[in-house]
Each structure stands twice: as structure tokens, then as C-alpha cells.
Amino acid sequence: QGSELSGWAMGRWTYEGIDLNHNFADLNTALWDAEDNDLVPHEFPNHYIPIPEYYTFANATVAPETRAVIDWMQRYPFVLSANLHGGELVVTYPFDMTRTYWKAQELTPTADDGVFRWLATVYATSNLAMASEERRLCHYDDFTRFGNIINGANWHTVPGSMNDFSYLHTNCFEITVELSCDKFPHASELPAEWENNRESLLLYMEQVHRGIKGVVRDRDTEQGIANAVISVDGINHDVRT
């Protein structure tokens, strides 16, 4: 195809014609509707939001790849993740979907906005291409003005993203890394792309050691307690052991 000359949608859809980037269950709308009606968290959860019934039907437009990833996420209690894209040099963080449904762009932060901004910044500031003072713009967006990070919804809305689903359905905090201007780099360029991202990937993984961690135990038996809900004052998003 020739590096940057191919279209952004090339290779985007599955054989069945499903865009995996928009294929996860939209849990955002249910949460925001409940918030607007003052139902959170007493009548509607602020975390571990259940998947809506319509999404589980056999005839739902859900790719087998998406179902497999959701099953994987439910089996393993991941806490940190990143998905890797190409075509830009920027790190985006949730929410990816605008709260005002008719807006294409809108700043839509999560209850953990500070943590997400930190995670995105860790990757962006250690990525050699993003941090270079001599870097060119990939296209027309100048993300250097924002430290090469942006709230996903403030760039363009993505309903049904994996990042939003991970945050609302599991304990996992996930970001998107647009790691190269070039969606289809030539083989000869791959070593340089690896060098640009190697330290960023390692530093990002190390962030699992930040914050509070440990085991919630029964005081009498000292046995670990599964599904204990951890709440932090001022953050309307709980996590579970």
C-alpha cells in the first residue's frame, strides 16, 4: 500500500464487516442516564456495570473476536492495559465517547481523570518520536500543544470502545497509543519504531506499582475476601478485589 498513502480504514473491519474498534458494549449511556437521575451508586453501580441483555443475544452484531476478548477480560482481573494503533502520534485516555450524544468532540473525563492523564503522560513523554523537539505533525492535528495526550472523546467520539468498556465493566484502566504517523510502516522501518516505543512500553507496565495495592482479608480468619468493594473518597468509581 505504501506507508501513509493507504486509507485510515484499511484493515479496520473483520471478514464479517464489523469494526472491532467500536464493537464493545456501550456502558457509558446507561451510567450517564443513571447519574442524571441520581441513581449512582446506590441504585446503579459506578463500576462493574453489567453488559446489557441485547448485547448477549446470538443475533447481536458482536464479532467473535470481541466476545473472546470480553471472556478473557472476565477471566483475568487485569488492572492496566494499552491498545496500540497507528496513524498518529498521541496517547488517548477515556472516556472515548462523548457524553453529549450528538457531539463529535467533547471533553468527557472519567472519575479517575488524574490517573489516566498520568498514565498517558508516562507513555508520551518517554516515547522517542513523541518527545522529539524535531518531530513533524503527522497530519493536521498538533498534539504537541497538549503534551501529546488527549481525552479520547475530545479528539473524536468512539462509542463502544474497549477503553471505556474496560473501565466500566472491569478493574482495568486502559489507554490507546497511536504510536506512529505511519499505519503501515515498511519492514525496514520497524527497528526504529521499536526503539521509539520500547522504553515507553516498559515504563507504562511499571505503573501497575503505583497507588494502593494489597490484599483485603477477613480480620478473624485472615482469608482473602473476593469481590470486596474499595471506595475512595471523592472518586465516584469503585474497584473490587
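This report walks through the sheet, the helices packed on it, the aromatic pairs and a few backbone oddities of a predicted model.

## The sheet

Let's start with the strands. Four of them make an open sheet, ordered S1-S4-S2-S3, and the pairing is mixed. Strand S1 (80-85) and S3 sit at the edges, each pairing on one side only. Ignoring direction, neighbouring strands in this sheet are turned by 25 degrees against each other on average.

Going through the pairings, S1 and S4 run parallel and are joined by six bridges. One spot to look at is Ser81, whose bridge partner in S4 is Glu174. Strand S4 (residues 173-180) also pairs with S2, this time antiparallel, through five bridges. Here Val91 has Val177 in S4 as its bridge partner. On the other pairing of S2, three bridges tie it to S3 in the parallel sense, and Tyr93 stands opposite Asn151 in S3.

## Strand S2, covered on both faces

Strand S2 (residues 88-93) has six of its six residues buried, so the rest of the structure largely encloses it. In a regular strand, side chains alternate between the two faces of the sheet. For S2, Glu88, Val90 and Thr92 are on one side, while Leu89, Val91 and Tyr93 are on the other. Both sets are buried, so both faces count as covered.

## Helices on the sheet and on each other

Two helices are worth tracing over the strands. H7 lies across S1, S2 and S4, and runs at about 160 degrees to S4. Helix H8 (residues 190-206) lies across S1 and S4, running at about 165 degrees to S4.

H7 has a helix partner too. Two packed helices are described by the angle between their axes and the distance between the axes. Helix H3 (residues 64-75) packs with helix H7 (residues 162-169) at an angle of about 30 degrees, the axes being 12 Å apart, and the H3-H7 crossing is right-handed. On the H3 side the contact involves Val69, Ile70, Met73 and Gln74; they meet Met162, Phe165, Ser166 and His169 of H7. Sorted by class, that contact between H3 and H7 has five nonpolar residues, three polar ones and no charged ones.

## Aromatic pairs

With ring centres within 6.5 Å as the cut-off, the model has 10 aromatic pairs. Take Tyr76 and Phe78: their ring centres are 6.0 Å apart and the planes make 35 degrees, so this pair is tilted. Tyr76 is partly exposed at 45% relative accessibility, and Phe78 is partly exposed too, at 31%.

Phe143 and Trp155 make an edge-to-face pair, with 5.2 Å from centre to centre and 80 degrees between the planes. The two rings come from distant parts of the chain, 12 residues apart: Phe143 is in the loop between helix H5 (128-131) and strand S3 (149-151), and Trp155 is in helix H6 (residues 152-155). Both Phe143 and Trp155 are buried. Elsewhere, ring pairs link up Trp32, Phe95, Phe116, Tyr167 and Phe173 as a cluster.

## Backbone oddities

There are two cis peptide bonds to check. One joins Val40 and Pro41, with omega about 0 degrees; Pro41 is in the loop between helix H1 (28-36) and helix H2 (53-56). Another joins Pro94 and Phe95, with omega about 5 degrees. Phe95 lies in the loop between S2 and helix H4 (113-126), and its ring belongs to the aromatic cluster with Trp32, Phe116, Tyr167 and Phe173.

Positive phi turns up at Tyr48, near 50 degrees, and this is a residue other than glycine. Tyr48 sits in the loop between H1 and H2 and is partly exposed, at 27% relative accessible area. Asn148, also not a glycine, has a positive phi near 65 degrees. Asn148 lies in the loop between H5 and S3, and with a relative accessible area of 7% it is buried.

## A long-range neighbour pair

Finally, have a look at Thr121 in helix H4. Thr121 is partly exposed, at 28% relative accessibility. Its C-alpha is 6.6 Å from that of Ile149, although the two residues are 28 apart in sequence.

Methods
Residues numbered from 1 in each chain as written. Predicted model: local features only at pLDDT ≥ 70, side-chain atom pairs only at ≥ 80, totals over all residues. Heavy atoms only, no water. Phe/Tyr/Trp six-rings, centres within 6.5 Å; stacked < 30°, edge-to-face > 60°. Buried < 20%, exposed > 50% of the residue type's maximum accessible area, 1.4 Å probe, protein only. Helix = DSSP H or I, 4+ residues; strand = E, 2+ residues; numbered from the N terminus. Axes fitted to C-alpha atoms, helices over the stretch in contact; angles between N-to-C directions. Left-handed = near helix turned anticlockwise from the far one by under 90°. Contact = heavy atoms within 4.5 Å. Nonpolar A, V, L, I, M, F, W, Y, C, P; charged D, E, K, R; others polar. Pairing = 2+ DSSP bridges.
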